Structures are given as structure tokens and as C-alpha cells.
Amino acid sequence: MTRYTRDMRGYGPNPPDPQWPGNAKVAVQFVLNYEEGAENCILHGDDASEAFLSDIPGAAPWPGKRHWNMESMYEYGARAGFWRLHRLFTGAGIPLTIYGVARALSRSPEQVQAMKDADWEIASHGLKWIEHKDMPEDAERAAIAEAVRLHTEVVGERPRGWYTGRCSENTVRLAAEEGGFAYVSDTYDDDLPYWMEVGDRDQLIIPYTLEANDMRFATAPGWVTGQDFGDYLIDAFDTLYAEGQAGRPAMMSVGLHCRLVGRPGKIAGLKRFIDHIQAHDGVWTPRRIDIADHWAKTHPPQRFERPSQMDKARFVSLYGSIFEHSPWIAERAFDLELGPAHDSAAGVHNALSRAFRTATEDERLGVLTAHPDLAGKLAAAGQLTAESTSEQAGAGLDFLTDEERETFTKLNTAYVEKHGFPFIIAVRDHDKASILANFHTRIDNDRDTEFAEACRQVERIAQFRLKDLLP
């Protein structure tokens, strides 16, 4: 059994209405990453200096050495950039979520007190601002636990949010397994929060951003001026605001760093963006924990039996009758590379249809001949499957006049004699009159044309049946 773990579906074409407080059209959430004092540095017990997210062009780690220029740029973030941003956001009345690296917070008591006095959320940004991709799972689990312990000691309460940033493939699962986080943000895959099932735990995920993020002042391609950054944020907001006005509210995350946007020439674009959103009605600017609490209350997790997680017997028992009397289609579909994207009507339909389309012509003919005649003898005798009974009744084929029944009987007989299989049509797309009109038209098709059309109708019938069972 092959299973694909990545989720390429998400909410699909119909995301939920977030129902933001005050019927806001968009939620704009600002994150300030506080990493200064926890970056790679031999003073911190690391093997080399930091090389990530600074204004030093082409920075590279210096093994076994301190990088004085790099250290001083991080220090700027703590000494000056933080306070410039503190004045901006407290002056604007917008609360922040701090992604606080535990070791950085422990080295900045005055800044921590200012965060608390402003009623900003202080979420955890890990123990140290280092790369985790090669960290063994047990070591990363221990680092998460130590980050929570130290954060609690320094701040006075445990963090309710988590974001590692430079994470491993295990990070989200390990953070969920820790069990104490209202949300985890180590994803960039949606415009709305969503629930992730991790064992017995339903973990809320609030996706973050690396594009509406000042880190692009330190990457290529990236921002050159504060206006570049501000223009991009304004364009993103205007798009989301218009979508919210059209009934599809969403969330916009903005990522900030003290040592980057805290510089005078860069913060100007951020100021213009704040002025822009505050000139609009229906904008909610919460902390991340406020989004988490709102989502948990408004959209609590709802588990359902997922096709991609079923064993074969269960999968076939539920979907073996979708294609009329042909459980072998479900058996073959089960062996495909199913994943979260198949935990939906469209997903299972695609898998079943693939098994049907790749079958031999004789096998597909067997599926066609397994279908009953429309309004035929089996229907009159009450011997149709439950699905066929419901479908024919929905089109009014269970209440025919004697004349109508005689017409259907003659057409069925002539059709089968010519093509070798019953006339098949997805009756939910039609009423009695259009079914008869199609019958009269299609009976004159050549056999190959009609075989292909009948196969398409079989797939369409399956699509309707699955929509009765799955989201």
C-alpha cells in the first residue's frame, strides 16, 4: 500500500468562512521575530558564526571564530530596532505576536518586560536560532522541551504558540506531540488556519509567511527599499480585502525582524502599510493567539473516517458499490498512491475512475452490463441497488404511466440489441423528458461512440454517489 503524506487539497474550492470578530473582511497579523542573542555564535557553544538574515552580502559561517560585524548587526536589532518597532506598534494600537527564541529572551529582560507591558503575545521560536534539518529527532524533542522550560522561566508563563523557522521534517509533529501548544506555525501552505491530526491530538496550524516578510531585505530576489516592502504588503492586503468583500475573508501574516525592518530606511514602508490598513473598515489586527482561540471556538476540529487511512477491507466495503456491482474497481483504486487529497469525494472519484479507465475493454463492458435498464423489470420488481433505486426515483422514473413504461421498454430493448449493454445516463443531471430525449439521440450512435459515452456516464454516476458520502 502506497500512501502520500503531503496534503495538496487543504480546504479545496470551498474554504470555511472564518467569521472574524466584527465581521472583519481580513485579519492582518503581525509577527516580530526576536532572535537577537540566540543566533549561531561560538560564545553560545556553536561551531561557527551566524550567516543568515543580515545586511552582510554573501555572509558565510566562520568556523571556530566570532564574526564581529554579524554579531553587531544582531545587536542592533535588540538595542535599537526593537524599540523603534515597539514605538510604532504601541503608537498604532496594534498588538504583536513575538516569536521569541528562548535563549534570546533570556538575554533581553528589558525587552521582555516591554513586550509584556504592551500585552503582546510571546510565542516560542525555539531554544536557539539555528538550523534543525539535521538534528536527530530525540535531540529536537529535547530542545523543544528545554525551550518551553526556559521560556516559562524567563517570561513567567509557558508559550501557547510555536514556530521553529529553520525546522526539520519532524518539527510540526514533535511540537504537536509536546501537547501544550494552541497552535503551530511551521507551515506556509494556506491563507487560513486548519486542524492537523497528529495521533490522538488535533493540532491547530496557523500558517506563517516568508513572502510578506522583511527577511527579503536580506535575500535575493528581495526588497531594496522600504517602499518595495510597503508596496508588496499593500498589494497583498488589497487583494485579500477585495476577496473579503466578495465573501471570502482570509488571513494575512506579516513577518518582521528587529535587525531588518527596524532600520530607519526600511521601517518607512511598514509605516505606510499600517496607515493603509487603518484607513479601511473591517480589518482585524489580532495577536496570533487571538486567532487560535477564535478558530478553536468557531471552527473546532471535526474528525471523519479518511479513505487514505483505511485498510483495504474497509475501503472496499464503503466504495465497492460506487461502480455498479464492481468491487474490483475499489480494490485496484486502494493500491494507488492515495493521500490526504483523496480524503474527499473528488479524491476517491479520481482514484476509482483511474482504476476503471485502465481496465480492459471487457472489464469495462462488464461494468456497463452490470447496470440495470432504466425503469426496467428490476426496478418494477424492487431489485435495484439502493443507489440505483434512489437515483431513478429522483428523476421520476419510479412513477411512469403505462405508455411511458412501454416506451422505455422498447427503447431499452432496441438499445441493448444494437450496442450490447444497457442505456446508462446520470439521471441526477436530468429529468424524465431529457432522459428520453437523450435516449432517442444516443441510440443512433455507433457502438464505439456510445461505449465511450456510457463509460463517461458511469463515472458521472459514481461522482454523484461519492458526494453523498464524502466532503
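Helices and strands here are DSSP runs, numbered from the N terminus. With that in hand, welcome to a predicted model, shown in a few close-up views.

**View 1. The largest pocket and the strand that lines it.** Strand 6, residues 194-198, gives the most to the lining of the largest pocket, contributing 5 residues. In total, 37 residues line this pocket. To find its centre, look for Asp7, Tyr194, Trp195, Arg306 and Pro340, which lie nearest to it. The space inside comes to about 1,600 Å³. As for the character of the lining, 16 of its residues are nonpolar, 9 are polar and 12 are charged.

**View 2. The second largest cavity, with helix 4 beside it.** The whole structure holds 2 cavities of 30 Å³ or more, and this view shows the second largest, with a volume of about 30 Å³. Its lining is made up of Gly126, Leu127, His132, Glu140, Ala143, Ile144, Trp162 and Thr164. Helix 4, which covers residues 137-155, gives the most to this lining, with 3 residues. The lining of the second largest cavity divides into 4 nonpolar residues, 3 polar and 1 charged.

**View 3. Trp20 and Trp295, an aromatic pair.** Across the whole structure, a search finds 26 aromatic pairs. One of them joins Trp20 and Trp295, whose ring centres are 5.9 Å apart and whose planes meet at 50°, a tilted arrangement. Trp20 sits in the segment before strand 1 (26-34) and Trp295 in helix 8 (residues 288-298), so the pair ties together parts that are 275 residues apart in sequence.

**View 4. The span of residues 68-286.** The unreviewed UniProt entry places the feature "domain: NodB homology" at these residues, 68-286. Within the span, 46% is helix and 15% is strand. If you follow the chain from one end of residues 68-286 to the other, the end C-alpha atoms turn out to lie 37 Å apart.

**View 5. Residues 377-383, where pLDDT stays under 50.** How does the chain score on average? The average pLDDT is 91, and 94% of the residues score at least 70. Over residues 377-383, however, pLDDT stays under 50. For residues 377-383 the model has 5 contacts beyond four places in sequence.

How values were computed:
Residues are numbered from 1 along each chain as its sequence is written. This is a predicted model: local features need pLDDT of at least 70, side-chain atom pairs count only at pLDDT 80 or more; totals for chains, interfaces and linings use all residues. Side-chain values use heavy atoms; hydrogens and water are left out. pLDDT is the predictor's confidence in each residue, from 0 to 100. Contact means heavy atoms within 4.5 Å. UniProt positions are given in the numbering used here, feature names are shortened, and annotations may be inferred rather than shown by experiment. Helices (H or I, at least four residues) and strands (E, at least two) are DSSP runs, numbered from the N terminus. On a 1 Å grid over the protein atoms alone, a cavity is a set of points where a 1.4 Å probe fits but cannot get out, and a pocket is an open set with protein on both sides within 12 Å along at least five of seven lines; lining residues have an atom within 4 Å of a point. Grid points are joined across faces, edges and corners, and a volume is the space filled by probe spheres set on the points. Ala, Val, Leu, Ile, Met, Phe, Trp, Tyr, Cys and Pro count as nonpolar, Asp, Glu, Lys and Arg as charged, and the others, Gly among them, as polar. Rings of Phe, Tyr and Trp (its six-membered ring) pair if their centres lie within 6.5 Å; planes under 30 degrees apart count as stacked, over 60 as edge-to-face and the rest as tilted.
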